[in-house]
Amino acid sequence: MLTGALVRLRALEPADSEAMWRWYHDPEVGRWMDAGPPISLAQNMEKGQNRPRNTFEQMQLGIETLEGQKFIGYVALGDTDFVRGEAVLQSVAIGDPGYRGGGYGTDAVRVISRYAFEEMGLHRLMLWVVADNVRAVQAYKKVGFVEEGRRREAFRARGKRYDYLMMGLLEHGLK
């Protein structure tokens, strides 16, 4: 079981698709995401029914509170390269507004990082985050991620350009 102090990570269920669709349309969640064109709830439900099986190379997990077992978000880890011992933390979102800012995202990042290092045998995780997404950058730093690079003006949202930060975490740097 992938369990932390506040959350546990679990495989996504088709029933999670409706909540995820709502979160994608929440301006607070979607603000810092590379979003494709809008899809309908029915299309998202179909996508949830046909979601590929999680593998060590690519997984998307639900974030659930330990207390009450409430589905509040998701995390994705992928592009795993076992030769190099690396993977990419592709996304983390606390979709339920009542749980934002309470340490749930930080705990989820810590849990997936620990899993990647201890169970998958990886040495390094990396991610891209919009530099102005202060809450996310702070959460990553709390877990031990450090800034390793920057792609200037690589993210565009609402007609404005933002820098991407590349952050990395080595297995011995996990906090």
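The following questions and answers concern the cores, a helix pair and two single residues of this predicted model.

In this predicted model, local features need pLDDT of at least 70, side-chain atom pairs count only at pLDDT 80 or more, and totals for chains, interfaces and linings use all residues. Residues are numbered from 1 along each chain as its sequence is written, and side-chain values use heavy atoms, with hydrogens and water left out.

User: Which element gives the most residues to the largest nonpolar core?

Analyst: A nonpolar core is a set of buried Ala, Val, Leu, Ile, Met, Phe, Trp, Tyr and Cys residues joined through side-chain atoms within 4.5 Å. The largest one has 33 residues, and Leu9, Leu77 and Phe145 are among those with the most contacts inside it. Elements giving two or more residues to this core include β2 (7-11), α4 (104-119) and β8 (160-170); helices (H or I, at least four residues) and strands (E, at least two) are DSSP runs, numbered from the N terminus. The element that gives the most, with 8 residues, is α4.

User: Is threonine 106 buried or exposed?

Analyst: Threonine 106 is found in helix α4. Leaving aside neighbours within four places in sequence, threonine 106 is in contact (heavy atoms within 4.5 Å) with Ala139, Lys142 and Val143. Buried means under 20% relative accessible area, exposed over 50%, and partly exposed in between, with a 1.4 Å probe and protein chains only. Because its relative accessible area is 12%, threonine 106 is buried.

User: Is alanine 5 buried or exposed?

Analyst: Alanine 5 is found in the loop between β1 (2-3) and β2. Leaving aside neighbours within four places in sequence, alanine 5 is in contact with Leu66 and Asp107. Since the relative accessible area of alanine 5 is 65%, this residue is exposed.

User: How are α1 and α3 oriented to each other?

Analyst: The axes of helix α1 (residues 17-24) and helix α3 (residues 41-49) come within 9 Å and cross at roughly 130°. Axes are lines fitted to C-alpha atoms, for helices over the stretch in contact, and angles run from 0 to 180 degrees between N-to-C directions. Angles under 35 degrees count as roughly parallel, over 145 as roughly antiparallel, 65 to 115 as roughly perpendicular and the rest as oblique. The two helices, α1 and α3, are therefore oblique.

User: Which residues of α3 make the contact with α1?

Analyst: On the side of α1, the contact is made by Ser17, Glu18, Met20, Trp21 and Tyr24. The residues of α3 are Leu41, Asn44, Met45 and Gly48.
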